[in-house]
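Please read this briefing alongside the sequence and the coordinates. The topics are a nonpolar core, a helix pair and two single residues.

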Amino acid sequence: QILAYETGELDTEGTLKLFADLIKTGTAWQLQGSYGRFAKQLIHKGYITPDGEITPDGLTVAQSS
C-alpha cells in the first residue's frame, strides 16, 4: 500500500485506510518524516483518531472524492 500511495495510485479512501493502519500500528512515527507529518495532519483535521480509527468526518471526505 505504501508503494501505491507513493505512486499516487490510492484514492482518498485508500489513503485514509493506509494512514489509519500506520497510526494504529505506530509505523507512521517510524517511517520517514513526511509520513508522520501527514498522519498528524489527518489527526488534526479530525479524519483519523490518534488511535488510528477513521472518523465519520474522514468517511465523509472519502465518499465525496
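The notes below begin with the basis of the model and then turn to the core, the helix packing and a buried threonine.

This is a predicted model, in which local features need pLDDT of at least 70 and side-chain atom pairs count only at pLDDT 80 or more, while totals for chains, interfaces and linings use all residues. Residues are numbered from 1 along each chain as its sequence is written, and side-chain values use heavy atoms, with hydrogens and water left out.

**Nonpolar core**
- The largest nonpolar core (buried Ala, Val, Leu, Ile, Met, Phe, Trp, Tyr and Cys residues joined through side-chain atoms within 4.5 Å) has 12 residues, among them L16, F19, Y35, I48 and A62.
- Helices α2 (12-25) and α3 (33-44) each supply at least two residues of this core, and the largest share, six residues, comes from α2; helices here are DSSP runs of H or I with at least four residues, numbered from the N terminus.

**Packing of α2 with α4**
- Helix α4 (residues 56-64) packs with α2 at an angle of about 150 degrees, their axes being 8 Å apart; axes are lines fitted to C-alpha atoms over the stretch in contact, and angles run from 0 to 180 degrees between N-to-C directions.
- T12, E13 and L16 of α2 meet G58, V61 and A62 of α4 in this contact, where contact means heavy atoms within 4.5 Å.
- Leaving out residues up to four places away in sequence, A62 touches T12, E13 and L16.

**Residue T15**
- T15 lies in helix α2 and counts as buried because its relative accessibility is 12%, buried being under 20% relative accessible area with a 1.4 Å probe and protein chains only.
- Apart from neighbours within four places in sequence, T15 is in contact with Y5, L10 and F38.

Conventions:
Buried means under 20% relative accessible area, exposed over 50%, partly exposed in between (1.4 Å probe, protein chains only).
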